[in-house]
Amino acid sequence: MQAIPLQPVLWLNQGQPITRHRNSKKRSQRHSALLAVVSGLALYGCIHLLCLANIEHSTELRDPVFYDKSMSLTQSRRAAPGDATHLVMLGSSRTLLGFHANYAEEVFHNETGKALEAFNFGIPATGPIYHWLCYQRLRALNLLPDVLFVEVLPSMLHDPGTPLEVQFLPAERLNTQEFQHLQQFGYPIWHTNRNYWQQRVNPVWECRFSILARISPSWLPWNLRYDWGRNTDSHGWATPPRQQITAEERIEREAQVQQEYASTLATLQPQGKPLAALQDIIACCRADGVQVMLVLMPEAESFQAMYPAGLQSVIEAQLNQLGVPIVNARDWLMEDDFYDGHHPFERGARKFTERLIRHPMAATK
Amino acid sequence: MVASEASRASITQWSYFQWLHEWLPAPFFHTQAFLLFFAVVAAVYWLIPRNWNQARVWWLLVASFHFYAAWSAELAFLVLFTTVLDYSFARLMANTTRKPLRLALLLGSVSMNLGVLCYFKYKNFFLDSINEVLVKIGQDPAFSTTKILVAFGISFYTFEAISYAVDVYRGRVQAERNLPKFMLFILFFPHLLAGPIVRAKDFLWQTHRRKRWNWYRAQVGVQYFLLGVFKKLVIADRMAQLCDPVLAAPLEHSTSAVWLAVLAYSLRIYADFSGYTDMAIGLAHLLGFRLAMNFNLPYLAVNVSDFWRRWHISLSTWLRDYVFIPLGGSKHSGWITTRNLMITMLLGGLWHGAAWSYVLWGGLHGLYLVLHRIFNSWARRHDRVDQLFNSTLGTLWRVIVTFCVVSLTWVLFRPDLQGAWDVYQRLFVFSPGRPLVLSNRSLWIIVGFAFSCMILWRTGWLQRLWPRLHPTVLGTGYALCLCTAMVLAPPLGKTFIYFDF
């Protein structure tokens, strides 16, 4: 048997049989190795625990878009004059692109001479259940507004047994408490949700995109950067980089929207848990002294053509039962004001915002 | 992921293996499912008393079978069957001294293994090639191709079996009497699917050794495994994100994007394969086994001959020992040596894939080796040239040229020649087009990091530093390495390239 040379060895000498070292050297090597492996495991465990703690107590890793929006809202609130009325609009990407909060402040001031602090809390692919969650989180952060506008996205009212919105609200965005609370709105039972447990077992892996998006977003494709909360103005509003599109591009985008929405709208059943979530938001607002108003966002004629006959009336009737003011802004904009039939350009956002702020119902709030 | 629907359909008929497939859906070392599988296997293995070595061998054998059967039960049984036959052939060879019989048994074993390899890997390739020739000469295609199960790792374990049979025939290795130990030599799951190609003389004695848990060895295993995970997730998969879209449609991208994609692909293939090997070596160490080193900084090679002493060492030494040397090696005239080199490299190319592009790739490397031999013998006769090339700048120049030549040849490392031709067109005819999908910055950071590590390793700096580090510093490094690999892993994982071989 050949002896292993007594030089520091990083990797075992390949191809040579191991032989006995002197006992003390061998013992020392074993102790060092044990210490290295155990300390590595311990640190790895600590990193995971830290990550888990962040997931449970903060939204920074598990819901970075909400986190960024809430940070911006905090800054906006601090910068606002002391006598300003605080307005927040909760909504989806329609709100993100449609509610020009900064412009709303201008219009309001011009109309009334008073100060308004408006913030756009639009987050893509969200509906009443997520908006309920946002409200609870804002309450916990002491960021409740004086006036709350809540967008109603008709497709997210769909509840054929399990609310459609559940598909767009992954378990990884929730902490344990929220996970339990959302079961009242049709969310799957927490102890069987695989994604929830995967995130708890390996939080660094499950949150890797939000971690990398914080450090170096250019390493990720655009849809995994979760930067919709950061690439906005200081009042949370965003707009497409281009404000004009060609006719071919419009046709292509409208076809995409058709593919996304047509089948859902054709079989839409506005009922059940999403409406219950809206009701709960309204109840919470009343309890907290927040004035609330529902908004049906603008839609181009091409988009409205996807609704089956009578569905819009059903939706309005359901919403009327909630007992709060409703602004039906669906017909407020022209086809050219949108880039895909329901997300407006900047000019569309300004038109909508101005009309919304000047609307009698909004004005009384 | 290369997967055969036929493979999936047949598994569903066996409910136990269907359950197994659900729990271990992919044979990748860096998945949570596999790590859980390995943790269970290793825990039971080390809990078995040291004196019960045979029980440990059986346990590893059962685990290895399940590892392969989780992907394809039929192929797992096929490997078992051919392994038992290989064992029988070798035992019969050992029990007779009659040369013609021994030769017949050897040929039987080699034919069986090559037959299995040719059927699963090359049948459709050969039939398609014959049909193409028939069509070109105006005849109708005579053969129809059928869908065949993708046999992961078939090229590796058939070569191991062939090397064993030849070594027993030559008397270099004694025929293993213990069937489970021999089966473990073939089926040992760390090296089963993508090597390294293990030799019987290096592995079989380890199955007889009673192993004791050794923290030092465990540390080495953990280091290798983490290194492999880092190479796979951070370098290989990330480079795949950059190069795959470009190499799939080179004519739509700009010349600069295609050059960067070729660079990314070179790094990808190295990190992918060496990363897998490192994980395999690490896992083997954690079970008390040692596997052969398979890579030795190939992109710092000074010439193509040196490259093949550093790249896929287990394959290149196998080809040298079982193809090149039996053909006569380099002992004869220049023409004979050239012939031997070309045959060896053409077969090496064909081993990698059932397509003419791989054969061409192998042929080009054969040509490089031949040209290098000619140039080398000329340079040695001219001292000044020899001194110039051996100087620091000369060595740097040679490393760069070798890397460029090898990288440009990797373009052929794909199933279709037309795609490779499109890439070459784009590389050497300046054209505008789409840029890389992601920013170039991530590419240059990773390339710079990878080459810095290679140079630090080559100069011995890392080897000198490592033993001086306090164990807790090393432990911190392990944890940070793993967390960094997880964070930087791209969205979509990629299969290991060499699983296709």
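In this predicted model, the side chains of Glu117(A) and Arg77(A) come together in a salt bridge, with N and O 2.9 Å apart. The pair ties together distant parts of the chain: Glu117(A) belongs to strand S2 (residues 116-122) of chain A and Arg77(A) to helix H2 (residues 64-79) of chain A, with their positions 40 residues apart in the sequence. Glu117(A) has a relative accessible area of 1% and is therefore buried. Arg77(A), at 16% relative accessibility, also falls below the 20% limit and so counts as buried. In general, side chains of opposite charge can pair when their charged atoms come close.

A second salt bridge in chain A joins the side chains of Glu56(A) and Arg200(A), at 2.7 Å from N to O. This pair, too, links distant parts of the chain, since Glu56(A) lies in helix H1 of chain A and Arg200(A) in helix H7 (residues 194-201) of chain A, 144 residues apart. Arg200(A) has a relative accessibility of 11%, so this residue counts as buried. Elsewhere in chain A, salt bridges form a network that connects Arg62(A), Asp63(A), Arg137(A), Arg173(A) and Glu178(A).

Chain B offers a further example. Arg320(B) forms a salt bridge with Asp321(B), and the closest N and O atoms are 2.9 Å apart. Arg320(B) is partly exposed, with a relative accessible area of 41%, whereas Asp321(B), at 15% relative accessibility, counts as buried. Over all chains, the count comes to 26 salt bridges.

How many salt bridges cross the interface of chain A and chain B? The rule finds zero there. Polar contact between chain A and chain B amounts to one residue pair, with both residues at pLDDT 80 or more. On the side of chain A that touches chain B, helix H1 (23-57), helix H8 (203-206) and helix H9 (208-215) of chain A each supply at least two residues. The largest share, 14 residues, comes from H1(A), the helix that also holds Glu56(A). By character, the residues on this side of chain A divide into 24 nonpolar, twelve polar and three charged. The contact as a whole involves 39 residues of chain A and 44 residues of chain B. Between them, the two chains bury about 3800 Å², of which 72% is on carbon and sulfur atoms.

Within chain B, helix H2 (residues 15-23) shows how burial can be arranged around a helix. Its buried residues are Phe17(B), Leu20(B) and His21(B). Viewed down the axis of H2(B), these buried residues fall within an arc of 100 degrees, and they therefore line one face of the helix. The other side of H2(B) carries the exposed residues Ser15(B), Glu22(B) and Trp23(B).

Another residue of chain B, His365(B), is found in helix H16 (residues 356-380). Is His365(B) buried or exposed? With a relative accessibility of 0%, His365(B) counts as buried. Apart from residues up to four places away in sequence, His365(B) touches Val304(B), Phe307(B), Trp308(B), Met345(B), Val406(B) and Thr409(B). His365(B) and Leu341(B) are 24 residues apart along the chain, and their C-alpha atoms are separated by 9.3 Å.

Two exposed residues of chain B may be set beside this buried histidine. Leu47(B) is part of helix H3 (residues 32-47) of chain B. Its relative accessibility is 72%, so Leu47(B) counts as exposed. From C-alpha to C-alpha, Leu47(B) and Tyr358(B) are 46 Å apart in space, and 311 residues separate them in sequence.

Phe430(B), in turn, lies in the loop between helix H19 (417-428) and helix H20 (440-458) of chain B. With a relative accessible area of 73%, Phe430(B) is exposed. Between the C-alpha atoms of Phe430(B) and Arg310(B) the separation is 34 Å, and the two residues stand 120 residues apart along the chain.

Note on methods
Residues are numbered from 1 along each chain as its sequence is written. Chains are lettered from A and ligands numbered from 1 in the order in which they are written. This is a predicted model: local features need pLDDT of at least 70, side-chain atom pairs count only at pLDDT 80 or more; totals for chains, interfaces and linings use all residues. Side-chain values use heavy atoms; hydrogens and water are left out. Buried means under 20% relative accessible area, exposed over 50%, partly exposed in between (1.4 Å probe, protein chains only). Helices (H or I, at least four residues) and strands (E, at least two) are DSSP runs, numbered from the N terminus. The arc is that of the directions from the helix axis to the C-beta atoms. Contact means heavy atoms within 4.5 Å. Buried area is the accessible area (1.4 Å probe) that two parts lose on being put together, summed over both. A salt bridge is a side-chain nitrogen of Lys or Arg within 4 Å of a carboxyl oxygen of Asp or Glu. A polar contact is a pair of N or O atoms within 3.5 Å; within protein, one must be able to donate a hydrogen and the other to accept it, and residues adjacent in sequence count only if both atoms are side-chain atoms. Ala, Val, Leu, Ile, Met, Phe, Trp, Tyr, Cys and Pro count as nonpolar, Asp, Glu, Lys and Arg as charged, and the others, Gly among them, as polar.
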